[in-house]
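Got the viewer open? Let's take a walk through the fold, one selection at a time.

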Amino acid sequence: MRRPLPPVVLVLAGHDPTGGAGLVADSEAIAACGGWAVTIPTALTVQNCHNVTCVMPADPIAMRQMAEVLSEMHIAAIKIGLLADEATLRAAEQIIRRFPGIPVVADPVFRAGGGTELSTPHLRQLFIDRLLPLVDILTPNRAELVQLTPSITTPFDDTARAVALMSQGCQAILVTATDDPLPGNDQLVMHTLHSPDTTRQWQWPRLPEQFHGSGCTLASAIAARLAVGERLPTACEQAQHFTWKSLSQGFQPSSGQCLPNRISQAVRF
């Protein structure tokens, strides 16, 4: 007897040839967390473990065609990553609307770890206007949170920024602080979940290395756990545990940022 297919997560994200981030990272994290990834590329990138040097947005017509044929897969969750231009963002919006009621996890990829800008103010505003109302949980780091709320100038006011984004229609926000620790927490990583029902915080020991693909890993792990039926706070906690373990036992390439070890961290529930 063949086993049934695990809960399916539809991923719209860029391809990273290193495997550290992007579609490869998403697929590994989803598989390790109990799901099955089906993927629609939103961009091809030229990058290594240091930085991104070129981004080539996907054909939005091809994206919509892929969604058409994948719709028979009984999608249980959707994960959104890099959207490099307006055409692919609008295609992603149209694809999400094909699956009403399905939880959507969005990782706002605006800048590469090496510093290359991957978005523009215009594209970020479109993200807010067109995608946020469709998103169940957004997973920005603190820098991305600031970029999405330029009208708020008070430093360290993550709560006000999260509330502003939820007023745009986003259901919940998990703010990560790996990139920019809050004052007094330089030895810890604090992640904060904001939602209309609850605010929760988790603390994790800060690892000394820089990692490539930690945001992709976290967002995809959340999507997988939502797909298998977990409630949002539990999915966020399990995904953080998986991500931290993947980073703490990660790989060091010959140069550049470390790579998460997602495969050996398969979670058994």
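Start with α7 and α8: select residues 214–227 and 232–248. Look at how they pass each other, and you'll find a right-handed crossing. This is a predicted model, by the way, so everything on the tour is read off predicted coordinates. The two axes are 8 Å apart and the packing angle is about 140°, which makes α7 oblique to α8.

Now show side chains at that interface. From α7, bring up Ser214, Thr217, Leu218, Ala221, Ile222, Arg225 and Leu226. Facing them from α8 are Leu232, Ala235, Cys236, Gln238, Ala239, Gln240, Phe242, Thr243 and Leu247.

Pick out one of these, Ala235, which sits in helix α8. Is Ala235 buried or exposed? Its relative accessibility is 0%, so Ala235 counts as buried. Leaving aside residues up to four places away in sequence, Ala235 touches Ile222, Arg225, Leu226 and Glu230.

Time for a jump. Draw a distance from the C-alpha of Ala235 to the C-alpha of Ala62: you should read 32 Å, for a pair 173 residues apart along the chain.

Next, select helix α2, residues 60–70. Colour Pro60, Met63, Ala67 and Leu70, which are buried. Why do these four share a side of α2? They cover an arc of only 85° around the axis, and that puts them on the same side. The general rule behind such spacing is that an α-helix has 3.6 residues a turn, so residues three or four places apart point the same way. Spin to the other side of α2 and you'll meet Gln65 and Val69, both exposed.

What lies over the buried residues of α2? The cover includes β1 (8–15), β2 (36–47), β4 (75–80) and α3 (86–97), so show those too if you like a busy screen. Before leaving, check the N-terminal end of α2, where Asp59 acts as the cap. One of its side-chain oxygens lies 2.9 Å from the backbone nitrogen of Ile61.

Keep α2 and α3 on display. Their axes come within 9 Å and cross at roughly 15°, which makes α2 roughly parallel to α3. The crossing of this pair is right-handed. For the contacts, select Pro60, Met63, Arg64 and Ala67 in α2, then Ala87, Thr88, Ala91, Ala92, Gln94 and Ile95 in α3.

From here, go to Thr42 in strand β2. Thr42 is buried, with a relative accessible area of 0%. A polar atom of the Thr42 side chain lies 2.5 Å from the backbone oxygen of Leu82. Among the other residues Thr42 touches are Met63 and Thr88, along with Leu12, Gly14 and Pro57.

Two exposed stops remain. Click His74, in the loop between α2 and β4. His74 counts as exposed, at 69% relative accessibility. Check the backbone as well: phi of His74 is near 60°, a positive value in a residue other than glycine.

Finish at Ser151, in the loop between α5 (142–148) and α6 (158–166). Ser151 counts as exposed, with 71% relative accessibility. As a last click, draw the C-alpha distance from Ser151 to Arg161, and the readout should be 9.2 Å for two residues 10 apart along the chain.

Key:
Residues numbered from 1 in each chain as written. Predicted model: local features only at pLDDT ≥ 70, side-chain atom pairs only at ≥ 80, totals over all residues. Heavy atoms only, no water. Buried < 20%, exposed > 50% of the residue type's maximum accessible area, 1.4 Å probe, protein only. Arc of directions from axis to C-beta. Contact = heavy atoms within 4.5 Å. Polar contact = N/O pair within 3.5 Å; in protein donor to acceptor, adjacent residues only side chain to side chain. Axes fitted to C-alpha atoms, helices over the stretch in contact; angles between N-to-C directions. Parallel < 35°, antiparallel > 145°, perpendicular 65-115°, else oblique. Left-handed = near helix turned anticlockwise from the far one by under 90°.
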